Amino acid sequence: MFIFLSACSLLVPLSMIILGYTWKDKPPKDRQGSSGYRTTMSRINDETWKYAHRCWGWINFVLGIILVILSIFILILTKDNTNFEMISVYLVFLQLGIMVLTIIPTEFLLHKHFTKQGMKK
């Protein structure tokens, strides 16, 4: 059970690393498609689309590495705990929350470097 829950607990940070690494250099081609960092500001034009993915990708790549290290550390420390299953569930929800919060710095950087019409400041 430890190995299964540990693997499940590492899915979010590993996806952050993979998506971050991939999208920081090569964002999805279709701005109107179903994948990518899709906010109103990021979809204005190709320049904002690429910049948003570069920022979001870098943030997620770094945070993903940090979360993998912290998650492994937490999983090893709590593996003998009777509430290990619940701890691993809480860990996944914490990771998802952190992943969602990466929107804030990305949008901040977009608004810092572009006008609302998508022109560089």
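What follows is a walk through the fold, the helix packing, the surface and the salt bridges of this protein.

The model is a predicted one. It holds five helices and zero strands, so a reading from the N terminus on simply gives α-α-α-α-α. Along its principal axes, the C-alpha trace spans about 55 × 25 × 20 Å. Of the 121 residues, 40% are buried. As for the contacts with a separation of 6 or more, 67% come from residues 24 or more positions apart. The accessible surface adds up to about 7,600 Å², and carbon and sulfur atoms own 70% of that area.

Now for the packing. Two packed helices are described by the angle between their axes and the distance between the axes. Helix α2 covers residues 11–25, and its axis comes within 9 Å of the axis of α4, with a crossing angle of roughly 25°. Angles under 35 degrees count as roughly parallel, and α2 and α4 are therefore roughly parallel to each other. On the α2 side, the contact is made by Val12, Pro13, Ser15 and Met16. Helix α4 answers with Val92, Gln95, Leu96 and Met99.

Helix α1 (residues 2–9) is where Ser9 sits. With a relative accessible area of 1%, Ser9 is buried, because anything under 20% falls in that class. Leaving aside residues up to four places away in sequence, Ser9 touches Leu75, Ser88, Leu91, Val92 and Gln95. Two of these names, Val92 and Gln95, also turn up on the α4 side of the contact with α2.

Helix α4 spans residues 84–101 and includes Tyr90. Tyr90 is exposed, at 54% relative accessible area. This tyrosine belongs to a nonpolar patch on the surface, together with Met86, Val89, Phe93 and Leu96. Between them, the patch residues offer about 500 Å² of accessible area. Leu96 is worth a second look: a member of the patch, this leucine is also part of the contact with α2.

On to the charged pairs. Side chains of opposite charge can pair when their charged atoms come close. A search of the whole structure turns up three salt bridges. In one of them, Asp25 pairs with Lys24, and the closest N and O atoms are 3.3 Å apart. The two partners see quite unlike surroundings: Asp25 is exposed at 59% relative accessible area, whereas Lys24, at 18%, counts as buried.

Another salt bridge joins Asp46 to Arg31, with 2.7 Å between the closest N and O atoms. Asp46 lies in helix α3 (residues 46–78) while Arg31 is in the loop between α2 and α3, so the pair ties together parts that are 15 residues apart in sequence. Asp46 itself is partly exposed, with a relative accessible area of 46%.

Lys120 and Glu47 make up the remaining pair, their side chains meeting at 3.9 Å, N to O. Here the link is between distant parts of the chain, 73 residues apart: Lys120 is in the segment after α5 (103–113), and Glu47 is in helix α3. Lys120 counts as exposed at 57% relative accessibility, and Glu47 as partly exposed at 39%. Helix α3 thus supplies a partner to two of the pairs, namely Asp46 and Glu47.

Methods. Residues numbered from 1 in each chain as written. Predicted model: local features only at pLDDT ≥ 70, side-chain atom pairs only at ≥ 80, totals over all residues. Heavy atoms only, no water. Patch = residues over 30% accessible without salt bridge, like charges linked within 9 Å, V, L, I, M, F, W, Y side chains within 5 Å. Areas by Shrake-Rupley, 256 points an atom, 1.4 Å probe, with all protein chains shown as cover. Salt bridge = Lys/Arg side-chain N within 4 Å of Asp/Glu carboxyl O. Helix = DSSP H or I, 4+ residues; strand = E, 2+ residues; numbered from the N terminus. Buried < 20%, exposed > 50% of the residue type's maximum accessible area, 1.4 Å probe, protein only. Axes fitted to C-alpha atoms, helices over the stretch in contact; angles between N-to-C directions. Parallel < 35°, antiparallel > 145°, perpendicular 65-115°, else oblique. Contact = heavy atoms within 4.5 Å.
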